[in-house]
Amino acid sequence: MYNLRKIISICLLVAGVGVSAQKVYDIHPVPQEQVKTEGTCRFTPTVTVVAEKAIDMPTMARATEVLREHGIKAVFAKKAIKGSATIYLGVNGSKGVADKAAKKLALKRDIFGNKKFDRHILSLTSDKGLAKLVILGENTNAVFFGLASLEQMLDNGNDNLQCVNIYDYADIKDRGVIEGYYGMPYSVAVTKDLLHFMMRNKMNSYMYGAKSDAYHSQYWDKPYPSTLTDEQKSMGCFTADNMKEICEVSAATKVNFIWAIHPGKAFTGNDDNVIDRIIGKFELMHDLGVRQFAVFVDDVGVPTDAPTLALNAKRLTDLQNAMDKKWNFKGAVPADTLKPLHFVPQLYAYGWEKPQTRVNFYKALSNTPHKTQVYITGKATWSVPNNTDLNVIETDFGRGVAWWWNYPCNDNADAWTFPANMYSNFVDMPSIESNSTLPKHLEHCASLLSNPMQQGEIAKIPLFSIADYAWNNSEFNSVESWKAALPAVVGKQFAPALESVIPYLRINDPEEFGAMVNAYKNGGDASQLKAVLENIAKNCKFLNGMKYSSIKELSLFHEDICPWILKLGATAQVVNELMDIAAMSQTDAEKQARYDAVAAKAKALTNAPEYSVLALEGMGGGIGKQIYNVEFAKKYLTPFVSYLLEKANPQSDKK
């Protein structure tokens, strides 16, 4: 079902000079180190998979899936079978079959001694021409991430694969999504697709705290309903079964689904039973499959008095302790235990308050359990992750914090979308400093979660680059990562067309296009400009073909991007027609009629329902619907429509 990797052709590259420069395979997230070794090999139609005892069922299922999607059948056995390629999956230091195979290959093990995350080795060697693959991880989850690299290696084909040793790990522990924007929650289908996408890109955390989900906020202590009214469906509500289904996909993809509760001011209010009420809701969610929880108390006012700050910390501590007592007791069934609590505090953007107020706030939280992760957005709500802000809070708090990253969030620009490369998006997004960049080494950041666009499928493009950065800070390249993201998201067939139109979906459309527009206004030849517009219209029409794709990911992507693509294609056609009319003779009797028809099309660009998106505004009991006409290209293309309506208007000529 999730088979876009099968249609992506990724080039096999020759190693450069020196180990650090080697790029044997084009893999994303970019591995920490690849070392080309001697020979090539092939995978047989049936591959023997030898898994150690520590390798869990989701990892074995993932190995089966990766092989199946590349036309290979997996057969699990206790040892290699003659005439078959072999895959060994195991844990470092286990003395199991994979560990012994790694020892025989003399693979260096120093990565297992560093303070990084999801550490693993992938070694592909030739056994008389047959592939012998060893994936050795610090645990079964690390092996799972190694299979994501194998998936991309097999995109080159099953034969004549270059032998290689890959030594890999993540720079940041928790990498993923925090669905915390103000707007329509993602549908079940989109959420499940995002979980699979994140799995393929080595992301491991999906925190759900949709502001417009009433059972996250307004009815935070009530169970999710078993059925929905039509109005609830129109507001993106979930049923209990929906949540259970998402949790099942989360377990299969090894992306932790972290369900967040938003008790608001009740968390520090007069109700002494608030922790019991939260635990009661957590019990309901635990029954649905949730194994990690979060508490949000953002956007309800920042407490500054000492008693409330102390109560805030006490209740956070009491909650973590109550969770441990109920689910993490000695002898608990491992599958029922909980991962540590996550907490989004009232003061998440520390620049809102005076320095002493900030110090008091985080000092008060400093004695809460160290395993509880506390989130910030930096100095400001829309800050780009940076070491200065992390160090400021770490100094006050006494330990590292996690980062809620409001990128590529568009809940403050609902009509816009941000599918360009990361640094171009920074220029376009209204609340981000245009010259922002990411540090080569993000220090003491326990978690990096992206609060994405309301269009979850379009958001996969920037999420791909976030995964790249979170895995390997120093090797991140904004443009290269973006170019790799497009085929990973929409496949090789649609990627070129999407790449060609994205510059015009930006707020700041290309300067080259602006130069053509200015040349035309100054009496220049319109042929080059018309060719560009015809190409835009053609590619938009081609991209609309995703609607009919048998690949679910593509049809979902089309649902998200459709209003922008339809409007961009129509805008390009309107501009071309207006330029034709402007060039017509004043005595041409058809000019007025043609102009009136095109002017009607131009007017429709601003009010036709097919060019609009639905957004939800507010939280808790104050949620309302809002319709936005989508926007793009505000520098040149959109103003050019207004210019041409005036220039081509026959009535203007008579004034």
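Buried means under 20% relative accessible area, exposed means over 50%, and partly exposed lies in between (1.4 Å probe, protein chains only). The model is predicted: local features need pLDDT of at least 70, side-chain atom pairs count only at pLDDT 80 or more, and totals for chains, interfaces and linings use all residues. Residues are numbered from 1 along each chain as its sequence is written, and side-chain values use heavy atoms, with hydrogens and water left out.

**Exercise 1. Classify Ser217 as buried or exposed, then list its contacts.**

Step 1. Find the place. Ser217 sits in the loop between strand S9 (205–208) and helix H5 (230–234). Helices (H or I, at least four residues) and strands (E, at least two) are DSSP runs, numbered from the N terminus.

Step 2. Check the accessibility. Ser217 has 7% relative accessibility, so it counts as buried.

Step 3. List the contacts (heavy atoms within 4.5 Å). Neighbours within four places in sequence are left aside; Ser217 then touches Lys211, His262, Met619 and Gly620.

**Exercise 2. Work out which side of helix H2 is buried and what it packs against.**

Step 1. Pick out the buried residues. In H2 (residues 97–104) these are Ala98, Asp99, Ala101 and Ala102.

Step 2. Look around the axis. These residues cover an arc of only 160°, so they lie on the same side of H2. The arc is that of the directions from the helix axis to the C-beta atoms.

Step 3. Turn to the other face. Away from the buried side, H2 carries the exposed residues Lys100, Lys103 and Lys104.

Step 4. Find the packing partners. The buried residues of H2 pack against strand S4 (85–91) and strand S6 (130–137).

Step 5. Go just past the helix. There, Ala106 takes a positive phi of about 60°.

**Exercise 3. Describe three salt bridges and say how exposed their partners are.**

Step 1. Set the rule. A salt bridge is a side-chain nitrogen of Lys or Arg within 4 Å of a carboxyl oxygen of Asp or Glu. Side chains of opposite charge can pair when their charged atoms come close. A search of the whole structure finds 30 salt bridges.

Step 2. Take Lys23 and Asp26. Their side chains meet at 3.9 Å, N to O. Lys23 is partly exposed, at 34% relative accessible area. Asp26 is also partly exposed, at 21%.

Step 3. Take Lys460 and Asp193. Their closest N and O atoms are 2.8 Å apart. Lys460 lies in helix H12 (residues 460–471) and Asp193 in helix H4 (residues 188–200), so the pair ties together parts that are 267 residues apart in sequence. Lys460 is buried, at 1% relative accessibility. Asp193 is buried too, at 0%.

Step 4. Take Asp272 and Arg315. This salt bridge spans 3.6 Å, N to O. Asp272 lies in the loop between strand S10 (256–261) and helix H7 (274–288), and Arg315 in helix H8 (residues 306–327), so the pair ties together parts that are 43 residues apart in sequence. Asp272 is exposed, at 67%. Arg315 is buried, at 6%.

Step 5. Add a network. Salt bridges with shared partners join Asp221, Lys222, Asp271 and Arg277.

**Exercise 4. Describe how strands S16 and S17 pair.**

Step 1. Count the bridges. Six join S16 (residues 612–617) to S17 (residues 624–629). Two strands pair if DSSP finds at least two bridges between them.

Step 2. Give the direction. The two strands run antiparallel.

Step 3. Name one bridge. Glu617 has Gly624, in S17, as its bridge partner.

Step 4. Inspect the turn. The hairpin has six residues between the strands, and Gly618 takes a positive phi near 95°.
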